Every structure is written in structure tokens, then in C-alpha cells.
Amino acid sequence: MPTTDIAIREGVPLAPLTTLGVGGNARFFVAARSVAEVEQAVAFVRTRGLDLFVLGGGSNLVVSDAGFPGLVLQIAIDEIHGIDGTDEIEESGHQAPIGFHVGAGVNWDEFVAVSVARGCGGVECLSGIPGSVGGTPVQNVGAYGQEVSETIASVLAYDLAEHRVRELTKSECAFGYRSSIFNSTQHGRYIVLRVTYELHLGVEPALRYADLQKHFAGSERKPTLAEVREAVLKIRAVKGMLLSPGDPDSRSAGSFFKNPVISSEEFDRLSRKAAERRLKVPSYPALSQKNKISAAWLVENSGFHKGYAKGTVGISSKHALAIVNRGGATAADVIALRNEIQAGVERTWGVELESEPVFVGF
Ligand SMILES: Cc1cc2nc3c(=O)[nH]c(=O)nc-3n(C[C@H](O)[C@H](O)[C@H](O)COP(=O)(O)OP(=O)(O)OC[C@H]3O[C@@H](n4cnc5c(N)ncnc54)[C@H](O)[C@@H]3O)c2cc1C
């Protein structure tokens with residue numbers, strides 16, 4: 001075993017480290033506060049031949065009731081550095097972007113608050129999303145018309161295949177809708193250590209989403225970044241999408257299902273089926289030839305209403321896509337409800353819903 005000064009603990013309960021609050025123990029657990037500590041943790045799993053799971057804020061996870069039999073490594077690198085604070089306007093009239101190097105362990109919303117306070121736009125619509133900065137590139141976090149892929153310049157990561165720290169460019173990350181190399185082609189290969197975001201001073205906030213536009217309708221002037229952040233936080237709270245200890249609807253892993261992206265032919269078929277029931281499929285164009293359709297609409301029109309309860313689990317009373325732990329739920333309870341919803345949507349609409357959270361220890 002390598003000499004190590006990191007404090008590796010055994011038998012650590014994982015449920016309290018997740019927002020959904022289900023699942024068993026980690027056989028081994030350690031929180032790493034620096035790149036050197038990450039490297040020590042990697043050496044520990046190598047020497048013992050253990051599996052590794054990298055934990056951020058635990059807001060997108062379902063941990064199995066059996067727990068995780070290897071080492072759970074929580075990334076706790078928590079520094080934020082501005083690259084240079086460049087304020088000059090370039091000859092083109094555009095302001096040079098301001099770069100922020102943000103440690104993977106920084107709480108995401110704390111970083112959003114810092115950037116908005118500095119007058120930098122680009123992530124204001126992503127206010128209130130739980131979890132860590134290191135988790136954001138993994139599924140290309142997005143909300144209210146913004147995605148982190150618009151502002152991520154590069155990702156510093158430990159490469160478990162080549163045993164070295166590497167800087168990945170934005171194009172190497174291959175971001176898509178709720179996807180990147182980190183959760184697809186290179187799943188399990190990289191430990192995100194730091195993310196560099198490029199934000200812009202003095203830009204107008206993004207008001208691309210109907211709920212946000214409605215919020216500011218009638219206002220005589222353009223809202224500030226801070227006002228948009230406040231509006232997003234309010235809208236999220238109404239939907240139970242803001243973590244709040246007093247709100248049982250927020251004991252979830254966020255949206256449990258991705259919005260399906262389907263072909264135009266499939267969309268036409270679905271629209272005809274909906275018309276037979278005097279319904280209209282809400283959609284918005286995604287990729288050129290495809291349509292992204294609302295998973296929430298599919299769920300609600302397959303017999304699963306907001307507030308649907310099944311013993312210890314249920315659907316949030318504020319958001320049709322959030323499966324909530326109503327108290328004392330097990331991972332098996334969550335999976336059973338997930339399966340029931342998927343089967344109902346498939347039966348009613350012939351559409352397969354894909355889960356969004358990451359399943360650990362299954
Ligand atoms: C109430 C609520 C609302 C939400 N709203 C949204 C939303 O609007 N939009 C959205 O996109 N998501 C949303 N989510 C989901 C979740 O917040 C995001 O996916 C978040 O980015 C997960 O980050 P995390 O640090 O909690 O990651 P975890 O849940 O800890 O991990 C998720 C995955 O990322 C990996 N990972 C985490 N950190 C690292 C790292 N440093 N290096 C390598 N891999 C890592 C893990 O291994 C795992 O595979 C919501 C969740 C909740 C509970």
C-alpha cells in the first residue's frame with residue numbers, strides 16, 4: 001500500500017451525501033482537497049485493485065441499496081481564480097472574455113453568485129442548480145436556455161488512462177444535450193479537477209426561456225444580471241428545483257428523465273396520436289433534423305400527475321419529472337417508480353424515456 005496522508009474512511013453512508021437521500025455505504029471514502037490528494041486516492045485504488053467513483057455534490061445520483069464496494073472520491077478542490085480580469089474592449093468592439101479557473105469542488109451556485117456580482121454574464125440562467133463545478137461539464141448542465149458548454153473554455157482533469165493531468169479543450173469535451181465525453185465515450189476516464197469558464201462583462205442577460213420572458217414582461221428596462229438570477233431562483237423554488245431543507249419536493253435528483261430528441265417522422269407520428277386525444281405535443285427545435293419533446297408532457301399524459309405518490313416515493317407536487325423520496329425510501333423503491341413511469345410512457349406514446357441521473361453501485 002502506498003504511503004498516504006489522506007484520511008480514507010471505511011463504511012461511510014452515502015445517502016446523506018446525495019440530494020435524493022437513498023442508498024448504502026461506500027466501502028472506502030475520501031474527500032480530496034488538492035490535485036496531490038486526488039493522485040494519492042488514485043494510487044490507493046490502483047494498489048488495492050478497487051473500483052473508483054468520483055462524487056461531486058451528489059445531486060444527480062441514485063446510489064444502490066448495497067452501496068459502493070470500492071472507493072468513493074469526493075472532489076473538494078474549492079478555489080476560484082480569475083485569469084486576468086481583462087476589461088479592455090478589443091478593436092472589434094467586443095469585450096475580451098474574463099476567465100475564471102474554478103476548482104471542481106466549488107459549489108456551482110456560489111460560483112454563479114460570484115460571477116453575477118462581478119457583472120459577468122454567461123451563467124446567470126444556471127442559478128440555483130445544485131452540485132459542484134466539477135459536475136457541470138459531465139452532463140453539460142443546462143436550464144432556462146443556457147448550457148455550461150456555451151462558457152466552458154477548458155477542463156483540467158486527471159486522466160486515469162494515461163496517469164497524468166491534462167487540459168481538455170472545449171471541443172475535446174464534445175458537449176451535446178446533457179452529454180459530454182465524461183458521461184459517454186470516455187465515461188470513467190477523467191477526474192475533473194478544475195473548469196475554466198469564459199464570461200463576458202457588461203453583456204445583456206439571456207432571456208431565451210418563456211418563463212423568464214414572462215417574468216419580465218411589462219418591465220420598461222432590460223433586467224440586470226442580478227435581477228435575472230433572482231428571477232431564476234424564484235422560478236426554480238416554485239418548481240421545487242431549488243434545494244431547500246423545508247421543501248419535501250426538493251428531496252430529488254432533479255429531473256429524472258431527459259427530454260427525448262426524436263426524428264421528424266417520429267414527431268409526426270406522435271402528433272397524430274396526440275391529435276386523436278385532442279392534445280398537442282409541445283416541442284422546440286433541437287438538432288437540425290430532430291425535435292426535442294417535453295418529457296414532462298409525456299409523463300403527465302401517461303397517467304402520472306404531479307404529486308403522484310407510491311408509499312415512500314412519488315412525483316414532486318411541483319414538477320412532473322422529479323421523483324422524490326417522501327421519507328424512508330430505498331433505491332429499489334425509486335427504481336420501481338422509474339420503471340413504472342417508463343413503461344407507462346412507452347405504452348401510451350411509444351417513446352422510450354431515458355433516465356438522467358447516474359446510477360451508482362448497481
Ligand atoms: C433540485 C435539483 C435541480 C436540478 N436542476 C438541474 C437543472 O436545471 N439542469 C441540470 O442540468 N441539472 C440539474 N440537476 C442535476 C444536477 O444538479 C446536475 O447534474 C449537477 O451538475 C450534478 O453535479 P454534482 O456535483 O452534484 O454531481 P454528482 O451528482 O455528485 O455526480 C454526477 C456525475 O458526475 C460525476 N462527477 C461529479 N463530479 C465529478 C468530477 N469532479 N470529476 C469527474 N466526474 C464527476 C459523477 O461521477 C457522476 O457520474 C438538478 C438536481 C436537483 C437535485
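This passage describes the overall dimensions, two sheets, one cavity and one pocket of a predicted protein model.

Residues are numbered from 1 along each chain as its sequence is written, and side-chain values use heavy atoms, with hydrogens and water left out. Since the model is predicted, local features need pLDDT of at least 70 and side-chain atom pairs count only at pLDDT 80 or more, whereas totals for chains, interfaces and linings use all residues.

The secondary structure of the protein chain consists of eight helices and 20 strands, where helices (H or I, at least four residues) and strands (E, at least two) are DSSP runs numbered from the N terminus. The radius of gyration of the chain is 21 Å, close to the 21 Å given by the globule rule for 362 residues, so the chain is as compact as a globular protein of that length; this radius is taken over C-alpha atoms, and the rule is 2.2 Å times the number of residues to the power 0.38. Along its principal axes, the C-alpha trace spans about 65 × 60 × 40 Å.

Strands of a sheet pair through backbone hydrogen bonds, either parallel or antiparallel. Here, two strands are taken to pair if DSSP finds at least two bridges between them. One open sheet has four strands in the order β1-β2-β5-β3, with mixed pairing. Its edges are formed by β1 (9–13) and β3, each with a single partner strand, so one side of each is left without a neighbour in the sheet. The twist from one strand to the next averages 45°, with axes being lines fitted to C-alpha atoms, for helices over the stretch in contact, and angles running from 0 to 180 degrees between N-to-C directions. Within this sheet, β2 (residues 25–32) and β5 (residues 68–75) pair in the parallel sense over six bridges, and A26 has F68 in β5 as its bridge partner.

Another open sheet contains three strands in the order β17-β18-β19, with antiparallel pairing, and its edge strands, β17 (309–310) and β19 (323–325), each pair on one side only. Two bridges join β17 to β18 (residues 313–315), and A309 stands opposite G314 in β18. Helix α8 (residues 331–349) packs on this sheet and touches β17, β18 and β19 (contact means heavy atoms within 4.5 Å), while its direction makes about 40° with that of β18.

Empty space was examined on a 1 Å grid over the protein atoms alone, where a cavity is a set of points at which a 1.4 Å probe fits but cannot get out, a pocket is an open set with protein on both sides within 12 Å along at least five of seven lines, and lining residues have an atom within 4 Å of a point. The largest cavity is lined by L14, L17, T18, F53, L55, L61, V63 and V72, and β3 (52–55) and β4 (61–63) each supply at least two of these lining residues. The second largest pocket is lined by 13 residues, of which Y177, N259, P260, V261 and E354 lie nearest its centre.
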